[in-house]
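Subject: Structure handover and notes

Dear colleague,

I am passing on the structure we spoke about, with the sequence alongside. Please open it first, and then read the notes that follow.

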Amino acid sequence: MNTNKSVVVVGAQWGDEGKGKVIDFLANQADVVSRFQGGNNAGHTVVYGANIFKLHHVPSGILNSGTLCLLGNGMVVDPLVLVEELAALEKRGIDTSNLRISGKAHLNMAYHKDLDKANERLLGERKIGTTGRGIGPAYADKVMRRGIRAIDMTGFERFRERLAEILPLQNRILKEIYNHKGYDINELLELYCPALEKLGPMVTDVAQLLIENLKKRKKVLFEGAQGALLDIDHGTYPYVTSSSTVAAAAATGSGLGPQYLNQVLGVIKAYTTRVGEGPFPTEDHSEAGEQLRERGNEFGTTTGRPRRCGWFDSVIARYAVMVNGLTGLALTKLDVLSGMDEIKMALSYRCRGEEVKNFPISIEELKDCTPVYETFSGWDEDISRVRRFDDLPFAARVFLEALEENIGVKIELVSVGPDRSQTIIYQDSKLESWIVPAE
Ligand code: GDP
Ligand code: IMO
Ligand code: MG
């Protein structure tokens, strides 16, 4: 049964596109918001009024009381960090009783973080620039069939037994390869005991919950983390994260068939940023890149690292449309471009004397690609209070129309500031039923 009630929201660049803002904006009308991949490598910012929330595991729908928030089987969950995240939300008066965790989600354990950091050290100059949160090793253990799952948190004895099975090998790897002293099982059990008590009761069959809600025609948002170019298969491998970040993962990472995924909204910035290592054709090392970083406050939500910045890249945007099957775009941070003398947009690349319109598979080829830009006039007006497309400066409208045409997918909404109210909805948007009518 196609319920026509779900929207998958995914990042269409290298992460940090503003997914948290867009999800929070749409979540007002959502019955369910569900994460389906990644873990606390994600940092999703939600701003309303003077309130700023930085979410790492918890779906950005949590600020709407009554919205069911789910962590799907495709995620890796760090129980210690999740407990802290929930405590911080509760301290600020946010009700977290509507959070549920899939029993099939894998646990990101203390030793995964150590392995992540040690791997990066060993790689030296070839490091990935990970968030250091243990994500790669946690997914590696899942695939190696030696992971601990959230269901194992539902009983202390069960958790102890699983850890006792796994720890001897982990300790050998830590000691023999990484020169780490390893972990004592009793110390680990003590460390995790409070998390088991808090999170154990939240563990359930998330797929079943989702199906029941979808069959009742409830509105479900799937919240992607990272972005298309960080996808383990489709991204700039090996400079990627360790999960499938594309829209189809919302099905496998939640336990649903693909027919339940209706609209696929790609969140994309009006320029491009990247954190960590790896090729980035439109990266700008000049004054313009610095301006984008300062004006856009481009510093990592999770690690605080300065983000690499550059102009909008239509080649990666078209690629993100393809690998996700995007049905619409949410364009963010248009306000950051205000006051720039001129604005550039890459239409294609030049590589080894040839024009390249499609994103190359090989990162060696990508490293040799230089962007072919079209230059647009800038605008000086502050657009952060604009709420209708027609009220945007002419130059901004020209930029948006060119962007849509280059990418071949319609813009559904434009964000002109971090606050949930700073959003322009296009008149013919397919998201209409998700928007609260203006008062
Ligand atoms: P996410 O990981 O995709 O959720 O994005 P992040 O939260 O890591 O980074 C996006 C940053 O931009 C956050 O600080 C947001 O508050 C902010 N932001 C989102 N949309 C806009 C916008 O339209 N304009 C401005 N100026 N900031 C925005
Ligand atoms: P959100 O959801 C931006 C990047 C890291 C590194 C690579 C691998 O906030 O958009 P990992 O720790 O996942 O093994 O790191 O992926 N990365 C992100 N970059 N936003 C994110 O999440 C990211 N999550 C991981 O910087 O390059
Ligand atoms: Mg982020």
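**Sheet and strand β5**

In strand β5, residue C69 is the bridge partner of V33. Before going further, please bear in mind that this is a predicted model. The strand on the other side of that pairing is β2 (residues 32-35), which runs parallel to β5 and is joined to it by 4 bridges. Strand β5 also runs parallel to β7 (residues 99-102), with 3 bridges between them, and here L71 has I101 as its bridge partner in β7. Strand β7 is in turn joined to β9 by 2 bridges, again in parallel, and the partner of S102 in β9 is T204.

These pairings belong to an open sheet of 10 strands with mixed pairing, in the order β9-β7-β5-β2-β10-β1-β11-β15-β19-β20. Its edge strands, each pairing on one side only, are β9 (203-204) and β20 (423-425).

Which way do the side chains of β5 (residues 68-71) point? Those of L68 and L70 point one way and those of C69 and L71 the other, and all four residues are buried.

**Nonpolar cores**

As a general background, nonpolar side chains in soluble globular proteins tend to be buried together. In this model the largest nonpolar core has 76 residues, and those with the most contacts inside it are L334, L337, F399 and L400. A second core, separate from that one, has 40 residues and includes L71, Y111, L188 and L196; L71 is thus a residue that you have already met in β5. To return to the largest core, L337 is in contact with A270, Y271, L292, W311, I343, W379 and F399, once its neighbours within four places in sequence are left aside.

**Domains and their interface**

The domain assignment divides the protein chain into domain 1, made of 6-93 and 205-435, and domain 2, made of 106-203. The C-alpha centres of domain 1 and domain 2 lie 29 Å apart, and the contact takes 28 residues from domain 1 and 23 residues from domain 2. Between them the two domains bury about 2100 Å², of which 62% is on carbon and sulfur atoms. On the side of domain 1, V76, P79 and L80 supply 26% of the area buried against domain 2, which is more than any other three residues supply.

How many salt bridges does the rule find across the interface of domain 1 and domain 2? There are 2 of them.

**Salt bridges**

The search of the whole structure gives 20 salt bridges. In one of these, E277 and K127 meet through their side chains at 3.8 Å, N to O. This pair links distant parts of the chain, with E277 in the loop between β12 (272-274) and α9 (287-295), K127 in the loop between α3 (110-123) and α4 (135-143), and their positions 150 residues apart in sequence. E277 counts as partly exposed because its relative accessibility is 33%, and K127 likewise counts as partly exposed, at 34%. Another salt bridge is formed by K198 with E90, whose closest N and O atoms are 3.0 Å apart.

The side chains of E298 and R307 also meet in a salt bridge, at 2.7 Å from N to O, and both residues are buried. They take part in a network of salt bridges that links D16, K269, E298, R307 and K333.

In a further salt bridge, the side chains of D368 and R352 are 2.9 Å apart, N to O. D368 lies in the loop between α11 (363-367) and β18 (369-377), and R352 in the loop between β16 (342-351) and β17 (354-356), 16 residues away in sequence. D368 is partly exposed, with a relative accessible area of 41%, whereas R352, at 57% relative accessibility, counts as exposed.

**The loop before β20**

Finally, please look at V416, which lies in the loop between β19 (411-415) and β20. Is V416 buried or exposed? V416 is buried, since its relative accessible area is 0% and buried means under 20%. Leaving aside neighbours within four places in sequence, V416 is in contact with D335, I383, S384, V386, R387, Q422, T423 and I424. The C-alpha atoms of V416 and R385 are 7.6 Å apart in space, although these residues are 31 apart in sequence.

With best wishes

Definitions and conventions
Residues numbered from 1 in each chain as written. Chains lettered and ligands numbered in written order. Predicted model: local features only at pLDDT ≥ 70, side-chain atom pairs only at ≥ 80, totals over all residues. Heavy atoms only, no water. Core = buried A, V, L, I, M, F, W, Y, C linked by side-chain atoms within 4.5 Å. Buried < 20%, exposed > 50% of the residue type's maximum accessible area, 1.4 Å probe, protein only. Contact = heavy atoms within 4.5 Å. Pairing = 2+ DSSP bridges. Domains from an automatic or database assignment. Buried area = accessible area lost by both parts, 1.4 Å probe. Salt bridge = Lys/Arg side-chain N within 4 Å of Asp/Glu carboxyl O.
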